[in-house]
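Work through these exercises with the structure open beside you. Try each task before you read its solution.

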Amino acid sequence: MSDDLLDELLDVALEAAGRAGTLLRDGRPADLGVAATKSSPVDVVTEMDLASEKLILELINARRPTDGYLGEEGADHPGTSGVRWVVDPLDGTVNYLYGLPSWGVSVAAELDGEAVVGVVAVPARGELFHAVLGRGAYLDGAPIRCRPAPPWGQALVGTGFNYVQSARVRQAEVLLALMPEVRDIRRAGAAAVDLCDVAAGRLDAFYERGLQPWDRAAGALIAAEAGAHTGGPEGMTCTAPPGTYEHLLTRLQALNA
């Protein structure tokens with residue numbers, strides 16, 4: 001893994017996320033509607049999700065044609081270079097559909113299965129997060145670090161919910177048990193953005209069950225490079241600074257989350 005390769009991958013990721021974010025911010029039609037649904041009738045895809053993924057895929061193919069690619073809206077090919085791009089072209093689609101600001105573009109590059117570059121653009125907030133493995137995490141070019149671990153009762157915890165009704169019911173039960181224990185719970189609706197908010201010290205922790213690789217690839221690297229621990233049992237993503245992470249994991253396991 002050479003510095004030149006990492007620099008090249010970062011340049012591609014920054015350009016892809018930046019251009020897609022501009023397209024989504026400036027090109028959103030006034031009459032934006034649902035183009036399709038995925039896991040349930042409330043798990044939506046808009047025409048702008050598809051336009052963003054097309055832009056990103058074409059850019060990567062032009063710059064690095066032998067790389068692999070995995071995207072939320074269906075693009076999936078292995079490539080031959082050892083590099084795979086893992087992309088959510090519009091994370092927080094429902095927020096975007098409703099005109100809420102918590103949505104972003106998530107672009108990660110994996111080398112032999114390990115995330116080495118992550119970029120998350122949050123255009124409605126005018127923010128651009130990035131990280132390279134071993135080089136730290138950055139917001140608009142300035143270094144960021146997660147918060148030190150607070151006492152559990154003072155932790156501000158982010159989470160998200162599945163679109164499948166049966167899963168949402170179970171997630172609500174876990175939330176009901178956790179809420180009296182902590183400072184408060186936040187549900188912003190875009191996992192990649194939530195992970196970056198842990199990195200920037202805006203949340204003390206984040207957890208969600210059922211995230212896909214494109215939801216977490218870039219944000220988890222950014223959080224880890226900002227000093228957070230990221231992991232969890234199969235199917236669960238947990239991110240928090242050391243101390244808070246272990247407590248969160250213990251509680252989620254005890255609740256069979």
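**Exercise 1: The whole chain**

Task: Work out what share of the contacts with a separation of 6 or more comes from residues 24 or more positions apart.

Solution. The model is predicted. Take the contacts in the protein with a separation of 6 or more. Residues 24 or more positions apart account for 61% of them.

Task: Count the helices and strands, then judge how compact the protein is.

Solution. Start with the elements: there are seven helices and 15 strands. Next, take the radius of gyration, which is 17 Å. The globule rule gives 18 Å for 257 residues. The two values are close, so the protein is as compact as a globular protein of that length. Now frame it with a box along the principal axes: the C-alpha atoms fill roughly 50 × 45 × 30 Å.

**Exercise 2: Surface and charge**

Task: Describe what the protein hides and what it exposes.

Solution. First, the hidden part: 52% of the 257 residues count as buried. Then the surface: about 11,000 Å² is exposed. Carbon and sulfur atoms supply 53% of that area.

Task: How far apart are the mean positions of the positive and negative charges?

Solution. Count the charges: 21 are positive and 35 are negative. Take the mean position of each set. These two points lie 5 Å apart.

**Exercise 3: Asp197**

Task: Is Asp197 buried or exposed, and which side chain does its own side chain meet in a polar contact?

Solution. Locate Asp197 in helix 5, which covers residues 191-199. Its relative accessible area is 9%. The cut-off for buried is under 20%, so Asp197 is buried. Now look for partners. Leave aside neighbours within four places in sequence; Asp197 is then in contact with Arg125, Phe129, Arg202 and Leu203. Of these, Arg125 offers its side chain for a polar contact with the side chain of Asp197, at 2.9 Å.

**Exercise 4: Asp204**

Task: Where does Asp204 sit, and which backbone nitrogen lies 2.8 Å from a polar atom of its side chain?

Solution. Find the loop between helix 5 and strand 13 (205-209); Asp204 is there. Check burial next: at 7% relative accessibility, Asp204 counts as buried. Skip residues up to four places away in sequence and list what Asp204 touches. The list includes Arg147, Pro150, Leu156 and Thr244. The backbone nitrogen in question belongs to Leu156.

Task: Compare sequence and space for Asp204 and Pro29.

Solution. Along the sequence, Asp204 and Pro29 are 175 residues apart. In space, their C-alpha atoms are 35 Å apart.

How values were computed
Residues are numbered from 1 along each chain as its sequence is written. This is a predicted model: local features need pLDDT of at least 70, side-chain atom pairs count only at pLDDT 80 or more; totals for chains, interfaces and linings use all residues. Side-chain values use heavy atoms; hydrogens and water are left out. Helices (H or I, at least four residues) and strands (E, at least two) are DSSP runs, numbered from the N terminus. The radius of gyration is taken over C-alpha atoms; the globule rule is 2.2 Å times the number of residues to the power 0.38. Buried means under 20% relative accessible area, exposed over 50%, partly exposed in between (1.4 Å probe, protein chains only). Contact means heavy atoms within 4.5 Å. Accessible areas come from the Shrake-Rupley method with a 1.4 Å probe; for residues, only the protein chains shown count as cover. Lys and Arg count as positive and Asp and Glu as negative; His and the chain ends are not counted. The place of a charge is taken as NZ of Lys, CZ of Arg, CG of Asp or CD of Glu. A polar contact is a pair of N or O atoms within 3.5 Å; within protein, one must be able to donate a hydrogen and the other to accept it, and residues adjacent in sequence count only if both atoms are side-chain atoms.
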